[in-house]
Every structure is written in structure tokens, then in C-alpha cells.
Amino acid sequence: MHDPMQVKSFRAGAVIAAYRIVAYPVSGTVVTADGATTPLLGCTAEVGADEGGMADVAVLGLTEVQFGGDVDAGDPVTSDAQGRAVKAEPAAGTQAFVLGFAIADAVSGDIAGVTLSPFILTGV
């Protein structure tokens with residue numbers, strides 16, 4: 001399933017597990033995303049990164065991510081506190097950074113596909 005159109009290497013600011021969502025670089029390093037209010041860059045693939053090591057991050061195309069909750073195919077997904085994909089459901093008047101869309105149904109713990117198409121979703 002991992003078929004990204006673009007992968008970029010970034011220095012890891014902390015240990016990043018495989019199949020996790022990462023946040024945009026700060027001070028030249030990427031870290032695991034820690035929730036829906038974090039700008040989301042992409043996903044690590046089957047190999048994570050040690051602190052100070054290089055993390056290969058899929059930033060465009062189709063890739064796989066570990067899910068932290070139940071989602072249906074077509075649901076917009078964001079990050080939970082551990083960088084796992086969860087359904088993006090911002091409360092009314094709040095915003096969530098969205099990584100893209102689930103391409104299959106998934107439950108917590110699954111590694112499944114997502115399209116990488118980041119945007120911001122505002123709850124209504």
C-alpha cells in the first residue's frame with residue numbers, strides 16, 4: 001500500500017515510531033505529531049527514526065499509518081497524542097489539522113492506507 005509520490009528525509013528531534021504522523025519541522029527537526037492542533041507534515045513508513053537520525057517522511061500520495069481509533073473509508077483523519085490516525089471531528093468553531101482521508105475502514109491498532117492531502121477542517 002505504501003506508494004508515496006514524494007518522500008523527504010528530515011532529522012528526527014526525538015524517537016519516531018514507524019507508521020506515525022509527524023509534525024512540521026521546528027528548529028530543523030521533525031517529531032511525532034501530538035494532536036489535531038499540530039500542523040501535520042506526513043507519515044513515517046515501515047521504518048521510524050532514532051533521535052538525531054534521519055526520518056523518511058511520505059509527504060504526498062498514498063501511504064500507510066497506524067490508527068488510534070475507528071474510522072470509515074473516506075473519513076478525514078488527524079493525529080492523536082501518539083501520532084496515530086484518528087477521525088477528524090473538531091468541535092463547533094474549532095479547527096483541526098487534517099492529514100488526508102482514510103482509504104479503508106480501520107480500527108485502533110490497524111496499519112491502513114491514507115491519502116496525503118493536508119488541510120484544515122473547521123467544526124460546525
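Leaving aside neighbours within four places in sequence, with which residues is Ala-88 in contact? The legends below take up this point and others in a predicted model.

**Figure 1. Surroundings of Ala-88 in the loop between S7 and strand S8 (95-102).** Apart from neighbours within four places in sequence, Ala-88 is in contact with Pro-76, Val-77, Thr-78, Val-98 and Leu-121. The relative accessibility of Ala-88 is 5%, and the residue therefore counts as buried. Ala-36 is 52 residues away from Ala-88 in sequence, yet their C-alpha atoms are 7.5 Å apart in space.

**Figure 2. The salt bridge between Asp-75 and Lys-87.** The closest N and O atoms of this pair are 3.9 Å apart. Asp-75 belongs to the loop between strand S5 (54-66) and strand S6 (76-79), whereas Lys-87 belongs to strand S7 (residues 85-87), so the salt bridge ties together parts that are twelve residues apart in sequence. Asp-75 is buried, at a relative accessible area of 11%. Lys-87, at 33% relative accessibility, counts as partly exposed.

**Figure 3. The network of salt bridges that links Asp-75, Lys-87 and Glu-89.** In addition to its pairing with Asp-75, Lys-87 forms a salt bridge with Glu-89. For Lys-87 and Glu-89, the closest N and O atoms lie 3.8 Å apart. Glu-89 has a relative accessible area of 60% and is exposed. The network thus includes a buried residue, Asp-75, a partly exposed residue, Lys-87, and an exposed residue, Glu-89.

**Figure 4. The salt bridge between Asp-80 and Arg-84.** Here the closest N and O atoms are 2.8 Å apart. Asp-80 counts as buried, with 11% relative accessibility. Its partner Arg-84 is partly exposed, the relative accessible area being 21%. The count of salt bridges in the model comes to three.

**Figure 5. Arg-20, a buried residue that has no salt bridge.** Arg-20 is placed in the loop between strand S1 (3-12) and strand S2 (21-23). The nearest side chain of opposite charge is that of Asp-80, 5.8 Å away. A salt bridge requires a side-chain nitrogen of Lys or Arg within 4 Å of a carboxyl oxygen of Asp or Glu. Residues up to four places away in sequence being left out, Arg-20 touches Gly-42, Cys-43, Thr-44, Val-65, Gln-66, Gln-82, Gly-83 and Arg-84. Arg-84, one of these residues, is also the salt-bridge partner of Asp-80.

**Figure 6. The setting of the close-up views: a protein with nine strands and zero helices.** From the N terminus on, the order of elements is β-β-β-β-β-β-β-β-β. The radius of gyration is 13 Å, close to the 14 Å that the globule rule gives for 124 residues, so the protein is as compact as a globular protein of that length. Along the principal axes, the C-alpha atoms fill a box of roughly 40 × 30 × 25 Å. Of the 124 residues, 43% count as buried. Among contacts with a separation of 6 or more, 61% come from residues 24 or more positions apart. The exposed area is about 5900 Å², of which carbon and sulfur atoms supply 54%. The protein carries 5 positive and 14 negative side chains, and 7 Å lies between the centres of the two sets.

Terms used:
Residues numbered from 1 in each chain as written. Predicted model: local features only at pLDDT ≥ 70, side-chain atom pairs only at ≥ 80, totals over all residues. Heavy atoms only, no water. Helix = DSSP H or I, 4+ residues; strand = E, 2+ residues; numbered from the N terminus. Buried < 20%, exposed > 50% of the residue type's maximum accessible area, 1.4 Å probe, protein only. Lys, Arg positive; Asp, Glu negative; His and termini not counted. Contact = heavy atoms within 4.5 Å. Rg over C-alpha atoms; globule rule 2.2 N^0.38 Å. Areas by Shrake-Rupley, 256 points an atom, 1.4 Å probe, with all protein chains shown as cover. Charge placed at Lys NZ, Arg CZ, Asp CG, Glu CD.
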